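Please examine the sequence and the structure shown below before reading further. The briefing that follows takes the structure topic by topic.

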Amino acid sequence: MEKILNIDGRLVKFKSTGAFLLRYKAQFGRDALKDIYKMQDAVGPGGKIKNIEVMDLEVFYNLVWALAKTADPLLPPPLDWLDSFAEFPITEIITEVMDLIFCSIGATVQPKKK
């Protein structure tokens with residue numbers, strides 16, 4: 001799945017594939033699934049932050065970078081990429097980003113009944 005979002009007046013492409021999870025692990029040395037479920041505890045329906053205590057902005061930025069890097073292999077390292085934005089409106093993109101993340105880990109085949 002791919003999405004293009006407007007961030008700081010720029011159109012930024014994001015892509016969610018199976019490689020997204022591996023790219024995240026390779027770049028940050030962390031288990032993407034654990035971090036994703038941690039984010040799920042912080043973000044509720046519609047992208048509303050439901051538990052600020054468990055919201056980890058570093059994890060969010062890392063996930064966003066990995067999605068952007070999956071769409072554009074020439075993307076610079078995470079800090080350089082984030083520094084290229086004057087503004088990074090988390091509340092405006094969180095719903096779209098979380099949709100992309102969950103589409104990469106969601107089941108597409110219904111389990112067979114026994």
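Pro76 is partly exposed, because its relative accessible area of 32% falls between the limits of 20% for buried and 50% for exposed residues. The model discussed here is a predicted one. Within it, Pro76 occupies the loop between α3 and α4.

**Surroundings of Pro76**

- Setting aside residues up to four places away in sequence, Pro76 touches Trp65 and Trp81.
- Pro76 and Trp65 are separated by 11 residues in sequence, and their C-alpha atoms lie 9.5 Å apart in space.

**Overall organisation**

- The protein contains 5 helices and 2 strands.
- In sequence order, these elements follow the pattern β-β-α-α-α-α-α.
- Of the 114 residues of the protein, 39% count as buried.
- The exposed surface of the protein amounts to about 7,100 Å², and carbon and sulfur atoms supply 54% of that area.
- Among contacts with a separation of 6 or more, 61% are accounted for by residues 24 or more positions apart.

**The hairpin of β1 and β2**

- Strands β1 and β2 run antiparallel and are joined by 6 bridges.
- One bridge pairs Glu2 with Lys15, the latter being in β2.
- The two strands form a hairpin with 2 residues between them.
- Asp8 is situated in the loop between β1 and β2.
- What is the sign of the phi of Asp8? The phi of Asp8 is positive, at about 55°, although this residue is not a glycine.
- As background, most residues other than glycine have a negative phi.
- Asp8 counts as partly exposed because its relative accessibility is 29%.

**Lys3 in strand β1**

- Lys3 belongs to strand β1, which covers residues 2-7.
- Is Lys3 buried or exposed? Lys3 counts as buried, because its relative accessibility is 14%, and the cut-off for a buried residue is under 20%.
- The side chains of Lys3 and Glu96 are joined by a polar contact of 2.5 Å.
- Apart from residues up to four places away in sequence, Lys3 touches Val12, Lys13, Phe14, Glu96, Asp99 and Leu100.

**Helix α1**

- Helix α1 spans residues 18-28, and Phe20, Leu21 and Tyr24 are buried in it.
- Viewed down the axis of α1, these buried residues fall within an arc of 100°, so they line one face of the helix.
- Which exposed residues are carried by the face of α1 turned away from its buried side? That face carries Gly18, Leu22 and Ala26.
- At the start of α1, a side-chain oxygen of Thr17 comes to within 3.1 Å of the backbone nitrogen of Ala19.
- After α1 comes Gly29, which has a positive phi near 65°.

**The largest nonpolar core**

- The largest nonpolar core has 33 residues, of which Phe14, Trp81 and Phe88 touch the most other members.
- At least two residues of this core come from each of β1, β2 (10-15), α1, α2 (32-42), α3 (57-71), α4 (78-83) and α5 (90-105).
- Helix α3 gives the most to this core, with 8 residues.
- In general, nonpolar side chains in soluble globular proteins tend to be buried together.
- Which residues does Phe88 touch, not counting residues up to four places away in sequence? Phe88 touches Ile7, Tyr61, Val64, Trp81, Leu82 and Ile93.

**Phe60 in helix α3**

- Phe60 is placed in helix α3.
- Phe60 counts as buried because its relative accessibility is 0%.
- Leaving out neighbours within four places in sequence, Phe60 is in contact with Met39, Ile90, Ile93, Ile94 and Val97.
- Phe60 and Val97 are 37 residues apart along the chain, and 9.2 Å separates their C-alpha atoms.
- Ile93 is thus listed among the contacts of Phe60 and also among those of Phe88.

Conventions. Residues numbered from 1 in each chain as written. Predicted model: local features only at pLDDT ≥ 70, side-chain atom pairs only at ≥ 80, totals over all residues. Heavy atoms only, no water. Buried < 20%, exposed > 50% of the residue type's maximum accessible area, 1.4 Å probe, protein only. Helix = DSSP H or I, 4+ residues; strand = E, 2+ residues; numbered from the N terminus. Arc of directions from axis to C-beta. Polar contact = N/O pair within 3.5 Å; in protein donor to acceptor, adjacent residues only side chain to side chain. Contact = heavy atoms within 4.5 Å. Areas by Shrake-Rupley, 256 points an atom, 1.4 Å probe, with all protein chains shown as cover. Core = buried A, V, L, I, M, F, W, Y, C linked by side-chain atoms within 4.5 Å. Pairing = 2+ DSSP bridges.
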